[in-house]
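Work through these exercises with the model open in a viewer. Each task is followed by a solution in steps.

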Amino acid sequence: MALLLDTRLLLRKIKDLRSLTPKRHKVKEKWAATRAKYPPTTLALRHFDSTYSIQLGKLWPSVRVALLSERKYGALLNNFAHDAVLADFEAQGCRDFIRDAYTEAQPCLEKESEVVAEEESIPVSTKKSDSDSQQLAPLQLSLNIKCLVFPRGDITRFRPARPDTKRLLGYYLMDAASVLPCLALNVQGGHNVLDLCAAPGGKTLALLQTHSIGFLCVNDNSASRTTRLRKVLQSYIPKELLTDEKLRITSFDGTQWGEIERNTFDRVLVDVPCTTDRHSLMEDDNNIFSKNRTGERRRLPEIQAELLLAGILAACPGGEILYSTCTLSQIQNLSVVEQAIYLAKENHGIQLQVVCLRALTQMFGKTFHFAPDLPLGEMVIPHLAANFGPIYMCKLRRIT
């Protein structure tokens with residue numbers, strides 16, 4: 001009790017001494033240090049409420065709840081590591097959603113192959129269009145890509161990965177829906193592949209798991225993000241596979257790639273910067289809805305179209321381009337693809353074919369929720385029972 005009284009007396013004396021402190025040494029409270037009246041996360045939610053409620057209609061309330069809830073992750077297994085983590089994950093109830101879906105779909109894929117074989121024997125004059133036969137074509141997946149998830153409704157978190165005896169991490173935690181663009185890209189043996197906006201590196205790691213890439217070029221226009229990307233690759237990929245003969249890491253402006261390297265790559269992944277809906281709703285730091293980034297946010301669709309057009313120019317005739325975002329925005333998704341297709345034809349004389357990804361959505365419908373009846377591309381939408389996404393993807397094939 002005596003100690004408490006002494007402490008109060010000391011504090012009172014200190015307070016009295018403040019009046020004797022010279023004015024030049026007094027510190028005024030910083031009003032700007034208080035929380036903004038409308039933080040970026042609030043501005044983002046207001047924007048999404050006004051736009052996505054119209055775009056998604058009755059789906060928006062459930063998607064909104066999922067976006068504001070903790071997201072689910074998947075564990076992308078690292079085939080180059082030596083730790084036997086697969087058995088541990090399976091013992092916890094995890095499953096490799098890619099292999100499981102492929103096993104379940106195998107009987108249907110065999111029937112589709114028979115249909116395609118029958119159509120190939122039909123005279124040319126009576127055959128269906130190329131777009132129709134593409135929809136019937138069997139889906140080819142690289143089963144070397146392994147991504148484990150907990151069952152629907154299970155929100156158990158994965159523990160952080162640990163290095164093996166060679167200092168390689170056994171798995172990479174990411175939104176499991178982010179693996180779908182890598183599967184849809186359908187990399188085949190010896191392909192030259194460009195990842196135009198590669199940082200932070202999750203999709204790059206997924207592509208390397210295929211063991212099919214002849215040469216991989218990964219690029220990001222941010223030097224700091226490229227540095228982070230390099231560290232991620234060094235943590236997961238053996239040094240002998242990070243040589244200049246097999247991998248090139250660059251930090252160029254992706255919109256100018258068509259002027260750097262044209263008609264070169266068999267596969268191009270264009271995972272563009274976007275409003276990153278989940279981050280915009282959950283984090284005020286580095287938020288695209290900050291008032292000082294309004295101009296940057298408004299320019300996003302223009303930059304995205306330029307990046308996709310650069311990816312189209314970088315692909316060789318017959319090559320395939322996969323455009324993806326992590327936003328629900330129709331302006332950043334479907335509209336950007338339409339604009340890039342138009343510019344490719346009008347300015348460069350390039351004909352493109354939209355590749356149907358419906359087989360992918362049918363195969364993985366038990367793991368993800370997909371937006372129904374999109375006129376162009378496919379999109380994973382968040383849902384509380386399977387809180388992955390959003391991920392939009394559209395695949396293009398360069399004809400000329």
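**Exercise 1. Ring cluster**

Task: Find which residues the ring pairs link into a cluster with Phe97.

Solution. This is a predicted model. Ring pairs join Phe97 to a cluster that also holds Phe364, Phe368, Phe370 and Phe388. Now widen the search to the whole structure: the count of aromatic pairs is 13.

**Exercise 2. Classify the pair of phenylalanine 48 and phenylalanine 289**

Task: Decide what kind of pair the rings of phenylalanine 48 and phenylalanine 289 form, and place both residues in the fold.

Solution.
- Step 1, distance. The ring centres are 5.5 Å apart. The cut-off for a pair is 6.5 Å.
- Step 2, angle. The planes stand at 85 degrees, so the pair is edge-to-face. The limit for that class is over 60 degrees.
- Step 3, location. Phenylalanine 48 sits in helix H2 (residues 40–56). Phenylalanine 289 sits in the loop between helix H11 (277–282) and helix H12 (294–298). The two residues are 241 residues apart, and the pair links distant parts of the chain.
- Step 4, burial. Phenylalanine 48 has a relative accessible area of 1% and is buried. Phenylalanine 289 is buried too, at 3%.

**Exercise 3. Classify the pair of tyrosine 172 and tyrosine 236**

Task: Repeat the analysis for tyrosine 172 and tyrosine 236.

Solution.
- Step 1, geometry. The centres of tyrosine 172 and tyrosine 236 are 5.6 Å apart, with 75 degrees between the planes. This pair is edge-to-face.
- Step 2, location. Tyrosine 172 belongs to strand E4 (residues 171–174), and tyrosine 236 to helix H9 (residues 223–236). They are 64 residues apart, and here too distant parts of the chain are linked.
- Step 3, burial. The cut-off for buried is under 20%. Tyrosine 172, at 13% relative accessibility, is therefore buried. Tyrosine 236, at 7%, is also buried.

**Exercise 4. A charge over a ring**

Task: Which residue lies over the face of tyrosine 73, and at what distance from the ring centre?

Solution. The residue is arginine 71. Its distance from the ring centre is 5.5 Å.

**Exercise 5. Helix packing**

Task: Describe how H2 packs against helix H3 (residues 60–67).

Solution.
- Step 1, axes. The angle is about 145 degrees, and the axes lie 9 Å apart.
- Step 2, hand. H2 and H3 cross in a right-handed sense.
- Step 3, contact residues. H2 supplies Leu45, Phe48, Asp49, Tyr52, Ser53 and Leu56. H3 supplies Trp60, Val63 and Arg64.
- Step 4, link back. Phe48 takes part in this helix contact, and its ring also pairs with that of phenylalanine 289.

**Exercise 6. The loop between H11 and H12**

Task: Characterise serine 290 and asparagine 286 in the loop between H11 and H12.

Solution.
- Step 1. Serine 290 is buried, with 14% relative accessible area.
- Step 2. Set aside neighbours within four places in sequence. Serine 290 then contacts Pro40 and Asp284.
- Step 3. Asparagine 286 is exposed, at 62%. Its phi is near 55 degrees, a positive value in a residue other than glycine.

**Exercise 7. Backbone checks**

Task: Where do alanine 199, glycine 389 and threonine 276 call for a closer look at the backbone?

Solution.
- Step 1. The bond from alanine 199 to proline 200 is cis, with omega near 5 degrees. Proline 200 is in the loop between strand E5 (191–195) and helix H8 (202–208).
- Step 2. Glycine 389 and proline 390 are joined by a cis peptide bond, with omega about 5 degrees. Proline 390 lies between strand E11 (378–380) and strand E12 (391–398), in the loop.
- Step 3. Threonine 276 is not a glycine, yet its phi is positive, about 45 degrees. This residue lies in the loop between strand E8 (265–271) and H11. Threonine 276 is partly exposed, at 31%.

**Exercise 8. Cysteines and totals**

Task: How many disulfides are found, and is cysteine 217 buried or exposed?

Solution.
- Step 1. The search of the whole structure finds zero disulfides.
- Step 2. Cysteine 217 is buried, at 0%. Cysteine 356 is partly exposed, at 26%.
- Step 3. For the whole protein, count 15 helices and 12 strands. Of its 400 residues, 46% count as buried.

Note on methods:
Residues are numbered from 1 along each chain as its sequence is written. This is a predicted model: local features need pLDDT of at least 70, side-chain atom pairs count only at pLDDT 80 or more; totals for chains, interfaces and linings use all residues. Side-chain values use heavy atoms; hydrogens and water are left out. Rings of Phe, Tyr and Trp (its six-membered ring) pair if their centres lie within 6.5 Å; planes under 30 degrees apart count as stacked, over 60 as edge-to-face and the rest as tilted. Helices (H or I, at least four residues) and strands (E, at least two) are DSSP runs, numbered from the N terminus. Buried means under 20% relative accessible area, exposed over 50%, partly exposed in between (1.4 Å probe, protein chains only). A charge sits over a ring if NZ of Lys or CZ of Arg is within 6 Å of the ring centre and within 35 degrees of the ring normal. A disulfide is a pair of cysteine sulfur atoms within 2.5 Å. Axes are lines fitted to C-alpha atoms, for helices over the stretch in contact, and angles run from 0 to 180 degrees between N-to-C directions. A crossing is left-handed if the near helix is turned anticlockwise from the far one by less than a right angle, and right-handed if clockwise. Contact means heavy atoms within 4.5 Å.
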